[in-house]
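User: I am new to this protein and would like a guided tour. Please take me through it step by step.

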Amino acid sequence: MATQRDYYEVLGLGKSASEAEIKSAYRKLALKYHPDRNKEAGATEKFKEISTAYEVLGNSEKRKMYDQFGHAGVSGAAGGGPAGWNPFAGGASGPFSYTYSNQGGAGFEDIFGGASDPFDIFESFFGGASPFRRGPAKPHYQIKIDFIEAVNGVTKSLVHQGKKYDIRIPAGADNGTRIRYSDFDVSFAVSPDKYFKREGVDVIVDHEISFPLAAIGGDTSVPTLDGDLRLKIKAGTQPGSLIRLTGKGIKQINSNHRGDFYIRFIIKVPTKLDRRERELLHELLSAEN
């Protein structure tokens, strides 16, 4: 029988880790190895191991027993460890349960930023139906929204069985983001923007500037998610140069975190020149030689 790994080691933590550090480590690893997101060999077993470790270390009483007696102190409390624990089964304990303990253990809503339903947050991150739900499939609707509506959030109307529903779409929604209601599911299709390009919660824009502006420097106005921004262009700016605006990207669902906004400069080289422009460029070329 394989030896169980130390739960602190599983989460990449030391024994002095705080509750917040345990919660943060679990959240990061659970998202990385969740079977709906990670199809690599061994990811499912890794996910089970991570969840088992958190079920113990995320509960103050279980953690105390584990610190004192090791795996033997929690052999019954953690569902038998990775070999016997089933993350897709129901139950009253564990981070994916609807029943939250008041004995020091953190529930799913605490870990994932106030989500009222653990299944909803997994569907927001991974898209598609949650593997934790059982029962017949419900009607599914798809709502089309534009890029800015997805960035800022919006309310759309939907009619189901003759009844009108107001669907509040959260800021940061993306293709595949899914909301579950008692009678139906809703997901979103986001239209691309001709200027803003999305990479997760980051945004990249290709901003064109003239050749003279790139050469001698000056000011330019760049549209951002928060309105136009006046930027100072350095003399000698090269094609493909990037400016990063930290925290000016898209809001992450169920979090106050925002991604970054990147401005990539495209240098526009003129294809037609008048006689004076040609003379000036010849003078520049002669000066360089």
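User: In which helix is Thr44 found?

Analyst: A note before we begin: this is a predicted model, where local features need pLDDT of at least 70 and side-chain atom pairs pLDDT 80 or more, while totals for chains, interfaces and linings use all residues. Residues are numbered from 1 along each chain as its sequence is written, and side-chain values use heavy atoms, leaving out hydrogens and water. Helices (DSSP runs of H or I, at least four residues) and strands (E, at least two) are numbered from the N terminus. With that naming, Thr44 has its place in helix H3.

User: Is Thr44 buried, partly exposed or exposed?

Analyst: The classes rest on relative accessible area: under 20% is buried, over 50% is exposed, and in between is partly exposed (1.4 Å probe, protein chains only). Thr44 has a value of 31%. That lies between the two limits, so Thr44 is partly exposed.

User: How far apart in space are the C-alpha atoms of Thr44 and Tyr33?

Analyst: Thr44 belongs to H3, and Tyr33 is one of the H2 residues that meet H3. Along the chain, Thr44 and Tyr33 are 11 residues apart. Between their C-alpha atoms the separation is 6.9 Å.

User: How are H2 and H3 oriented to each other?

Analyst: The axes of H2 (residues 19-33) and H3 (residues 43-57) come within 9 Å and cross at roughly 160°. Axes are lines fitted to C-alpha atoms, for helices over the stretch in contact, with angles from 0 to 180 degrees between N-to-C directions. Angles under 35 degrees count as roughly parallel, over 145 as roughly antiparallel, 65 to 115 as roughly perpendicular and the rest as oblique. H2 and H3 are therefore roughly antiparallel.

User: How many residues of the contact of H2 with H3 are nonpolar?

Analyst: Contact means heavy atoms within 4.5 Å. From H2 come Ile22, Lys23, Tyr26, Leu29, Ala30 and Tyr33, which meet Ala43, Lys46, Phe47, Ile50, Ser51, Tyr54 and Leu57 of H3. Ala, Val, Leu, Ile, Met, Phe, Trp, Tyr, Cys and Pro count as nonpolar, Asp, Glu, Lys and Arg as charged, and the others, Gly among them, as polar. The contact has two charged residues and one polar one, and the number of nonpolar ones is 10.

User: What is the orientation of H3 and H4 to each other?

Analyst: H3 also packs with H4 (residues 60-69), their axes lying 6 Å apart at an angle of about 100°. On the H3 side are Glu55, Val56 and Leu57, which meet Lys62, Arg63 and Tyr66 in H4. These residues divide into three nonpolar, three charged and no polar. From the angle, H3 and H4 are therefore roughly perpendicular.

User: Moving on to strands, which residue in the turn between S2 and S3 has a positive phi?

Analyst: Two strands pair if DSSP finds at least two bridges between them. S2 (residues 154-160) and S3 (residues 163-169) pair in the antiparallel sense over seven bridges, and His160 stands opposite Lys163. The two strands form a hairpin with two residues between them. In that turn, a phi of about 50° belongs to Gln161.

User: Which strands stand at the edges of the three-stranded sheet?

Analyst: This open sheet has the order S1-S5-S4, with mixed pairing. Each edge strand has a single partner strand, so one side of it is left without a neighbour in the sheet. The edge strands are S1 (140-145) and S4 (178-180).

User: Which residue in S5 is the bridge partner of Ile179?

Analyst: S4 and S5 (residues 185-190) run antiparallel and are joined by three bridges. One S5 residue is Val186, and among the residues it touches is Ile179. The bridge partner of Ile179 is Val186.

User: What is the relative accessible area of Val186?

Analyst: Val186 touches residues including Tyr141, Ile143, Leu158, Ile167 and Tyr181. Leu158 is 28 residues away in sequence, and its C-alpha is 9.4 Å from that of Val186. Val186 is buried, and its relative accessible area is 0%.

User: Which residue in S11 stands opposite Arg244?

Analyst: Four strands form another open sheet with mixed pairing, in the order S6-S7-S11-S10. The twist averages 25° from one strand to the next. Four bridges join S10 to S11 (residues 261-268), and these two strands run antiparallel. Opposite Arg244 in S11 stands Tyr262.

User: Finally, what share of the residues in the protein is buried?

Analyst: The secondary structure comes to nine helices and 11 strands. Among contacts between residues at least 6 apart in sequence, 54% join residues at least 24 apart. Of the 289 residues, the buried share is 38%.

Note on methods: Lists of a residue's contacts leave out its neighbours within four places in sequence.
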